[in-house]
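Hi,

Here is the structure I promised to pass on. Have a look at it first, and then read my notes underneath.

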Amino acid sequence: EVAAADLVFVAADIDVPLDKFKGKLMYRTSTGLALKKTAQEFDKAFKEAKIYEGGATSAAKAEERGEKKGVYKHLMTGVSHMLPLVVAGGLLIAISFMFGIEAFKDENIAGGLPKALMDIGGGAAFHLMIAVFAGYVAFSIADRPGLAVGLIGGMLGGIIAGFLAGYVVKGLNDVIKLPPSLMSLKPILILPLLGSFIVGLAMIYLINPPVAKIMTALSEWLKSMGDVNAMVLGVIIGTMM
């Protein structure tokens, strides 16, 4: 189908793999324009499409065309890769609850199936959720070298770790200059090692302590609101959701 296609029309707000379209005429746009101005975008596609040479992500190509990737696109890249974990983990937890809200605490119920489902959904899928989110936020910012650093940082924290990892690795990539013979080590050893070292220490010593204090204070404040006025607490939580 790719070989027979006259043109490849890519409508995406996140990074998508495009290597299989190398050598084909390609036109890229946002999902919003593709849905709202479909006819106009197709007209533009046949007029402005260029041969895709490969070797760069859709994000890098967008930057070449002068399009700046904003915070929203980085977030959406993280969210789109995190969602399968949320859906699968959430449904497994829900199935566990079908045996009873606290059935997972008793290994004798249904041969331990509720506990197994909770371990898979809550213990594995939900545990990976934030790490995958942060990893792909970093991937959106710094491409593949940022992925490992984002995943590691994500185990220590969420949104902050993803953006921190992405921009740290991007900065290191720009600053570190190596001879051609060592360039292959840069994305698989040097950037992940230095990026993980910097981001990991920053999360543990600089970011997590104050964030933990803020979260504790917020939790205590919400608990105190529940004692004073349940309606006000409901409005606050509803707004937060």
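**Salt bridges and a helix pair**

Glu220 is partly exposed, with 46% relative accessible area. Keep in mind that this is a predicted model.

What does Glu220 pair with? Its side chain meets that of Lys223 in a salt bridge, at 4.0 Å from N to O. Both residues belong to helix H8 (residues 185-228), where they sit 3 residues apart, or about one turn of the helix. Lys223 counts as exposed, at 53% relative accessibility, because the exposed class begins over 50%. Glu220, at 46%, is in the partly exposed class.

How many salt bridges does the structure hold? There are 4, and I'll take you through some of them. As background, side chains of opposite charge can pair when their charged atoms come close.

Next, go to helix H5 (residues 113-142), which contains both Lys115 and Asp119. Their side chains form a salt bridge with an N to O distance of 2.9 Å. Here the spacing along the chain is 4 residues, again about one turn of the helix. Lys115 has a relative accessible area of 27%, so it is partly exposed. Asp119 is partly exposed too, at 40%.

Now try helix H2 (residues 38-48), home to Lys44 and Glu41. These two side chains meet in a salt bridge at 3.9 Å, N to O. Because they are 3 residues apart in the helix, about one helical turn separates them. Is Glu41 buried or exposed? Glu41 is buried, with a relative accessible area of just 3%, since anything under 20% counts as buried. Its partner Lys44 is partly exposed, at 34%.

The other thing to look at is a pair of helices. Two packed helices are described by the angle between their axes and the distance between the axes. For helix H4 (residues 71-97) and helix H7 (residues 159-175), the angle is about 115° and the axes are 12 Å apart. H4 and H7 are therefore roughly perpendicular to each other, and H4 passes H7 in a right-handed crossing.

Which residues meet there? From H4 come Val71, His74 and Leu75, and from H7 come Ile159, Phe163 and Tyr167. Sorted by class, this contact has 5 nonpolar residues, 1 polar residue and no charged ones. The polar one is His74, because His is not on the nonpolar or charged lists.

Happy exploring!

Definitions and conventions
Residues are numbered from 1 along each chain as its sequence is written. This is a predicted model: local features need pLDDT of at least 70, side-chain atom pairs count only at pLDDT 80 or more; totals for chains, interfaces and linings use all residues. Side-chain values use heavy atoms; hydrogens and water are left out. Helices (H or I, at least four residues) and strands (E, at least two) are DSSP runs, numbered from the N terminus. Buried means under 20% relative accessible area, exposed over 50%, partly exposed in between (1.4 Å probe, protein chains only). Axes are lines fitted to C-alpha atoms, for helices over the stretch in contact, and angles run from 0 to 180 degrees between N-to-C directions. Angles under 35 degrees count as roughly parallel, over 145 as roughly antiparallel, 65 to 115 as roughly perpendicular and the rest as oblique. A crossing is left-handed if the near helix is turned anticlockwise from the far one by less than a right angle, and right-handed if clockwise. Contact means heavy atoms within 4.5 Å.
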